[in-house]
Amino acid sequence: MKRTKIILEENDIPRQWYNIMADMPTLPKPPLHPATHKPVGPDDLAAIFPMALIEQEVSQERWITIPKEVLDVYTLWRPSPLYRAHRLEKALGTPAKIYYKYEGVSPSGSHKTNTSIPQAFYNKQAGIRRIATETGAGQWGAAISLAGVFFGIEVTVYMVRVSYNQKPYRRISMETWGASVHPSPSNLTNSGRAILDKDPDSPGSLGIAISEAVEDAATHKDTNYALGSVLNHVLLHQTVIGLELKKQFEIAGDYPDIVIACCGGGSNLGGVSFPFLYDKIHGKQLRVIAVEPESCPTLTKGEFRYDFGDTAGLTPLLMMYTLGHDFVPPGIHAGGLRYHADSSLVSQLTHDGLIEARAYHQTEVFTAALLFAKSEGIIPAPESSHAIKCAIDEALLAKEEGKERTIVFNLSGHGYLDLTAYSDFIDGKIIDCAYPADKIKDALLRLPTIG
Ligand SMILES: Cc1ncc(COP(=O)(O)O)c(C=O)c1O
């Protein structure tokens, strides 16, 4: 019988996260204060983050110990399985070996719990009563709501309005775990009201929702802010994915030629690929591919420079690939990929040629998702389906070239709460949003000038 799943024991859950900052050829430029444009210090961040996370944000230690309380919760779904996609390989008639690491087994359905659990734990340890956050498609909001209820912290979620309307079941999951959820832009914050004054029908964006959550946290002493992607500590927590994957490849007696992940802010990409980039930096041959939507093409068409992480300009300036902080991407179904920029770590590694990037339109992504669902069974999240499309293309290229190649992608989440998107696709209602070149050009004009 062919082996399909490579499953680790609970004892194999990594005890430490891997910090790529210890090994990067070039470290990202430091975050700058939004008003003074001087590097931010720990005190600037202490109003909205616990010190333990601030320390992780700047740490250059290669290994950071995972607290026991976090490991205890990780055992609910970790280690996650690695699958060999025999049936997809057969459907494609490819000589390539395709594997996928499945993060949809977490209770909230995606990789986001790998970081929501430690973030809630460190906030609780610091005596915080409430967390304010944003969410796109709702995967992050669901993950932090679950973490909040596990550690006894209230959670307020600003959910991008287009997703709030498209994905009611995610909102209901968050509410089931006890969170309050508001469509963003909302009337609850100055940032939200300013947007609604200009555009009462604004579909919202991650940048706007971040402004609302940061403002909420900064104006309430007992409240901190939590971010589901982009920041160094978030990518650090996600490295449990790649560390487990390396062990699973050892068991399989294989090693990837190509590691693929979709990229919104970069956290599942960083999580799955950084432990392999350690090998690449130390001379091993392999490719890492970040996959993004054509309608929000940050790595493929953005500019590498300082920009705000949010629309209102409340966050520190980060050095990253950006389309402009006030760019509002079209309301595609992969809501988690509608972010105007990328993590500084992923941006720097892309700039240095260690990560490649590519973009796809949403209909070709859904076509790939259906082929995957029909051959492997799992209905994937629209975000993760970007990685599937890329893996399929690479497997077909291997077929054309007559090469055996080992391809792995991160299946960052399941799509069982995204079924409206599938229904729309099957009914022919999903169209490709043209690449919004003019809107992006315009948003880039408003990037801050750093002296
Ligand atoms: C299933 C899934 N995959 C990927 C992403 C993109 O985020 P990141 O690039 O941080 O992994 C999201 C974001 O919400 C998501 O829900």
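Is His37, with its 14 C-beta neighbours inside 10 Å, counted as buried, exposed or partly exposed? The model on screen is a predicted one, and this residue makes a convenient first stop. Select His37 in the loop between β2 (16-18) and α1 (42-45), and note that its phi is positive, about 65°, although the residue is not a glycine. Because a residue is buried only with 20 or more such neighbours and exposed with 12 or fewer, the 14 around His37 make it partly exposed.

For a second residue of this kind, go to Val230, which sits in the loop between β9 (223-225) and α11 (232-252). Its phi is also positive, near 70°, in a residue other than glycine, but Val230 has 26 C-beta neighbours inside 10 Å and therefore counts as buried.

Next, select helix α6, residues 139-151. The 13 residues of α6 should span 18 Å at 1.5 Å a residue, and the C-alpha atoms at its ends lie 19 Å apart, which agrees. This helix is mostly covered, with 12 of its 13 residues buried, among them Trp140, Leu146, Phe150 and Phe151. If you display what covers these buried residues, you will find elements including α3 (68-74), α5 (113-125), β6 (130-135), β7 (154-160), α8 and β8 (180-184). Just after the helix comes Gly152, whose phi is positive, near 70°.

Keep α6 on screen and add helix α8, residues 168-176, whose axis comes within 8 Å of that of α6 and crosses it at roughly 10°; the two helices are therefore roughly parallel to each other. At their contact, Gly141, Ala142 and Ser145 of α6 meet Arg170, Ser173 and Met174 of α8, a set of residues made up of 2 nonpolar, 3 polar and 1 charged.

Now turn to the ligand and show the 21 residues around it, of which Gln139, Ser229, Gly264, Gly336 and Gly413 come nearest. Two or more residues of this shell are given by each of α6, α12 (267-281) and α16 (382-401), and α12 gives the most, with 3 residues. Coloured by class, the shell shows 7 nonpolar, 13 polar and 1 charged residues.

Finish with two peptide bonds. Select Arg78 and Pro79, which are joined by a cis peptide bond with omega about -5°, and find Pro79 in the loop between α3 and β4 (82-84). Then select Ser184 and Pro185, where the peptide bond is likewise cis, with omega about 10°, and where Pro185 belongs to the loop between β8 and α9 (190-198).

Methods
Residues numbered from 1 in each chain as written. Predicted model: local features only at pLDDT ≥ 70, side-chain atom pairs only at ≥ 80, totals over all residues. Axes fitted to C-alpha atoms, helices over the stretch in contact; angles between N-to-C directions. Helix = DSSP H or I, 4+ residues; strand = E, 2+ residues; numbered from the N terminus. Parallel < 35°, antiparallel > 145°, perpendicular 65-115°, else oblique. Contact = placed C-beta atoms within 7 Å. Nonpolar A, V, L, I, M, F, W, Y, C, P; charged D, E, K, R; others polar. Near = placed C-beta within 6 Å. Expected span 1.5 Å × (residues − 1).
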